Amino acid sequence: MTDTEWGGEAGGMVGRPWDEPSAEGRGDPFDDALALANGTAPLRVRPGSEPGITTVTAPYAAGGAVAAAASATGGGDAPYTPDDPFAPDDPAAARSGPSGPVCPTPPTGTGPRPTPAAVPWHTARRLAERAAPGPPAPETSALGETLGRTLAAPLTALTDLPSFDTSAMDGWAVAGPGPWRLDRPADASEAGPPSGILAGHAPTEALLDGHAIPIATGARVPSGATAVLRSEHGEVRELSDGGRRLYAPRPAPPGQDIRPRGQECRRGDQLLPAGALVTPAVLGLAAAAGYDELTAYRRPRAEVFVLGDELLDEGLPRDGRIRDALGPMLAPWLHALGVEAAAPRHLADEADTLYAALAESTADVVITTGGTASGPVDHVHPTLRRLDAEVLVDGVAVRPGHPMLLARLAPRRHLVGLPGNPLAAVSGLLTLAEPLLRTLAARRPAAPYRTPLAAAVTGHPQDTRLVPVAYRDDERHGLTAVPLRFHGPAMLRGIAAADALAVVPPGGAERGTELEILELPWSAGWSAGWTPGWAAPGDPYDPPEATGGRA
């Protein structure tokens, strides 16, 4: 990304650097946050699977809307339940009355849902990663059907590569030192120049010492040949007896331009370990090594429910309604993560409609957008109570995206509830959905790395922040991350221009501070070569037509 992509005033600019004032003159929303109310929930804990982590889970029917986790060592992000008037994605914004500790019993009636203690951001990601016991059983499929999946077994060569001595160049196969008498292949016609040995045709006769024969790239080298002389390095001269002789300005050393059998691998060599992503290059290698099928983990199946009567599928915003930005974004994003996702379904803001959709879904992961707070049409929590779902995470100490949630609907079936604001939903994808889906797809996590900031970033007093950044070379720090403007919970302008998101700790970070970076999945996902597309009509996973709302 160039500096000019950060600048420019015509029509407003995309991805303005953090340290440059916006045209609107708006400051960071947290600059004015002078005081925040703290609240912690009574915790009912059980030891987590990882040392230093305690997890709290509660079935709605038995324990109410309680889900929290905290570091046993006291490090990391502190659990934090904000009442922040500057945070549009805070569930408290939709709640009347003062904030308070979580009630240990399930909420009843139509009153507001008590606010649970927020899970620290790093803890929430670890909980999501461990929510599923692992990927489903692997499947053996035709080679082309495994693109974008993860190998369940090592890829072992079924043959030598190459499986015979092969010419690396167009030219002549020669035997011994030159000059060489140029032979005419036994099957060549007397008229015209000799065609020689072509790829796909095995030579039938050995090449005698002092003789040569034309050969094409990829053709099998005849027995007796000691080298291949490139066509541009040889000169053919006619002889008085009607024959031809091949001359070269310098000797052809033994093995020149011959790819010997087994040069790349021998039969039985391990080419790739289990867990490798099947990319187009892996498909080519597998085919060359003799495979017609591969054993790989199937892609997780996800279903997306977009909630909200205020959303339009087309046209300009009108009559108090807005365009749905999440529906067009989520399915391609999931495809880039290696997930099989059906077309998103729009559901009306009706509790029974959401209940029926969740009860009928057979997806590994259901992703909902909106409805995770406690407003009058926020039906996700009440619906989870009706389904006796087990809540694993209910609120995360991160901005944007605080009111996200993770629940277990059934063994090996989960729900990720994303906030309705677009950038807050992206935060939920990276925090809860991506680690869970990575486990289900048996994909390895990206290697963690840190990049210095090109400008200071204001932090939330107690929550982690996820800030869109663009990469830029800096004379002092090398590759740096430039924080971008338009990073509000309802904005997509910053993330659309971003290369990644920076994980900003509570309190913020100064220029030059190295921060953890979350890469966007485009490079890994699209390079896998799996063409995004909806489920084929008639596919057993093709969801039924919605019966309520705008299907």
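**Notes on a predicted model: loops, a kinked helix and a cavity**

1. Let's start with a proline: Pro400 sits in the loop that connects β26 (396-399) with β27 (405-410). The bond that links Arg399 to Pro400 is a cis peptide bond, with omega at about -10 degrees. Please keep in mind as you read on that this is a predicted model.

2. A second cis bond is worth finding in the viewer. It runs from Leu161 to Pro162, and its omega is near -10 degrees. Pro162 belongs to the loop between β8 (155-156) and β9 (166-167). Here is some background for these spots: most peptide bonds are trans, and most residues other than glycine have a negative phi.

3. That brings us to phi. Asp257 is not a glycine, yet its phi is positive, near 55 degrees. You will find Asp257 in the loop between β15 (244-247) and β16 (258-259). Is Asp257 buried or exposed? Asp257 is buried, because its relative accessible area is 16% and the cut-off for buried is under 20%.

4. Now look at helix α8, which covers residues 422-440. Where does α8 kink? The kink, of about 40 degrees, lies at Ala433, shortly before the proline Pro435. The helix is also mostly covered, with 19 of its 19 residues buried.

5. Just past this helix there is another positive phi. Ala442 follows α8 and has a phi of about 60 degrees, although Ala442 is not a glycine. Its place is the loop between α8 and β29 (450-452).

6. Next, the empty space inside. How many cavities of 30 Å³ or more are there? The count comes to 3. The second largest cavity holds about 40 Å³ of space. Its lining is made up of Leu307, Ala348, Asp349, Glu350, Leu354, Gly371, Val377 and His379. Sorted by class, that lining has 4 nonpolar, 2 polar and 2 charged residues. Try selecting these residues together in the viewer.

7. Finally, step back to the whole chain. The protein chain has 10 helices and 33 strands. Of its 551 residues, 50% are buried. Among contacts with a separation of 6 or more, 75% are between residues 24 or more positions apart. The accessible surface of the chain is about 24,800 Å², and carbon and sulfur atoms account for 53% of that surface.

Methods: Residues are numbered from 1 along each chain as its sequence is written. This is a predicted model: local features need pLDDT of at least 70, side-chain atom pairs count only at pLDDT 80 or more; totals for chains, interfaces and linings use all residues. Side-chain values use heavy atoms; hydrogens and water are left out. On a 1 Å grid over the protein atoms alone, a cavity is a set of points where a 1.4 Å probe fits but cannot get out, and a pocket is an open set with protein on both sides within 12 Å along at least five of seven lines; lining residues have an atom within 4 Å of a point. Grid points are joined across faces, edges and corners, and a volume is the space filled by probe spheres set on the points. Ala, Val, Leu, Ile, Met, Phe, Trp, Tyr, Cys and Pro count as nonpolar, Asp, Glu, Lys and Arg as charged, and the others, Gly among them, as polar. The bend at a residue is the angle between axes fitted to the seven residues ending there and the seven starting there. Helices (H or I, at least four residues) and strands (E, at least two) are DSSP runs, numbered from the N terminus. Buried means under 20% relative accessible area, exposed over 50%, partly exposed in between (1.4 Å probe, protein chains only). Contact means heavy atoms within 4.5 Å. Accessible areas come from the Shrake-Rupley method with a 1.4 Å probe; for residues, only the protein chains shown count as cover.
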